[in-house]
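Reader: I am new to this structure and would like to understand the reasons behind the terms used for it. Could we go through them one at a time?

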Amino acid sequence: MRAIVHEGKNGLEGLSIKDMKKPEVRGNQVLVRMKTFGLNRRDLAVTTLHDSDAEALILGSDGAGVIESVGESVSQWKVGDEVVLNPGSGWKHKSEAPPEGFEIVGLPDHGTFSEFVAVDSEHVERKPTHLTWEEAGVLSLAALTAYRAVFTRGKLTKDDTIMLPGIGSGVLTFALKYAKAVGARVIVTSRSEEKLEQAKQLGADVAVQTEADWNEELKGEDVDLLIESIGAATFNKSLDIIRKGGTVVTFGATTDDEVKINIRKFFYGQYNLLGTTMGSAEELREMISFIEEHNIKPEVDQMFAMDDYQQAFEYLRDTKNFGKIGFTV
Ligand SMILES: NC(=O)c1ccc[n+]([C@@H]2O[C@H](COP(=O)([O-])OP(=O)(O)OC[C@H]3O[C@@H](n4cnc5c(N)ncnc54)[C@H](OP(=O)(O)O)[C@@H]3O)[C@@H](O)[C@H]2O)c1
């Protein structure tokens, strides 16, 4: 079976399409014939995290497809069922942090960017009925991360103002749609005027340039909750814009991991800083029910053919996307 793999060279140069052994299912596993899969920033990172001298690794955490066969002890799924894959494993119930053993699909074990994927039957969920295959394939990782960040950790309510710096992000386009679904006020930032316009069309109430002086541009706004994923480039601006007693939820460091903060200013402001990472299977199911209830669909920028993997990875690396990109098998 064809798969997008990493081996041989560090970074994107180590990417190729390779013929890999089709997995066999046993016991509690299901075999999914993949229709689509979404590309995440993590897949870019895996091309440097995976040892290039090790065996070829199939990349990818996201995907959607049809069950092709089931192991002998599977009772909840049958051949022909349409499913999305859980991008994580080992985290069943909503909890403060994932238990020991939680892993993101696609490193160290093989991921989803192939024609067939064998997974534990607990690691698939029914495909939301209102989504196309393209939308379903790019859903799980970003939509789950946004759901936990906004609701489980951020506890957003309709009376809150939420701020989303770097709205081109796949995860944050979900956060924007969730926040508007519950009736919250939404402020977004981007380095791109075009993306700010796109965000306004999705319901953003206020849109400002990421490089602007936020305190100047957002005079009179009370930011209750800010979802931070850019990292070093914006982290201090983010802490500086929330109201006293407000909350920053962080899950990403696209620019850099290390930041210096003024803790005196932080404790006088009585701020809250919360980390989050993806989410549990319970939250994945909650998220699916939530998007069905509110008819929320992923913002699909574009889909690529598997053979165009280089273009797709470069498109995401260069942050040309507004929302999600992915592959059609
Ligand atoms: N911990 C987790 O579970 C988890 C889950 C998902 C993602 N993540 C991480 O969270 C981050 C966002 O993920 P994503 O998939 O949504 O990313 P993405 O689609 O690649 O979007 C990243 C956005 O960050 C902004 N950005 C990038 N470089 C910037 C810079 N130098 N200055 C200012 N803004 C910049 C851009 O927004 P504009 O183009 O609008 O300016 C870009 O669209 C990534 O670092 C990812 O690895 C973590």
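Author: Gladly, and please keep in mind that this is a predicted model. The domain assignment of the chain gives domain 1, made up of 2–139 + 298–328, and domain 2, which covers 145–275. Their C-alpha centres lie 28 Å apart, and the contact between them takes 16 residues from domain 1 and 16 residues from domain 2.

Reader: How do you know how much area domain 1 and domain 2 bury between them?

Author: Buried area is the accessible area that two parts lose on being put together, summed over both. For domain 1 and domain 2 this comes to about 1200 Å², with 57% of it on carbon and sulfur atoms. On the side of domain 1, E299, T319 and F322 supply 44% of the area buried against domain 2, more than any other three residues.

Reader: What makes the meeting of E299 and K177 a salt bridge?

Author: The term asks for a side-chain nitrogen of Lys or Arg within 4 Å of a carboxyl oxygen of Asp or Glu. The side chains of E299 and K177 meet at 2.7 Å, N to O, so the pair satisfies that cut-off and is called a salt bridge. Between domain 1 and domain 2 the count is one salt bridge, while the count of residue pairs in polar contact is seven. The residues of domain 1 that touch domain 2 divide into six nonpolar, four polar and six charged.

Reader: Why is the approach of T254 to the ligand called a polar contact?

Author: A polar contact needs a pair of N or O atoms within 3.5 Å. A polar side-chain atom of T254 lies 2.7 Å from an oxygen atom of the ligand, and therefore the pair qualifies. By the same cut-off, a polar side-chain atom of N321 qualifies at 3.0 Å from a ligand oxygen, as does a backbone N or O atom of G170 at 2.9 Å.

Notes:
Residues numbered from 1 in each chain as written. Predicted model: local features only at pLDDT ≥ 70, side-chain atom pairs only at ≥ 80, totals over all residues. Heavy atoms only, no water. Domains from an automatic or database assignment. Contact = heavy atoms within 4.5 Å. Buried area = accessible area lost by both parts, 1.4 Å probe. Polar contact = N/O pair within 3.5 Å; in protein donor to acceptor, adjacent residues only side chain to side chain. Nonpolar A, V, L, I, M, F, W, Y, C, P; charged D, E, K, R; others polar.
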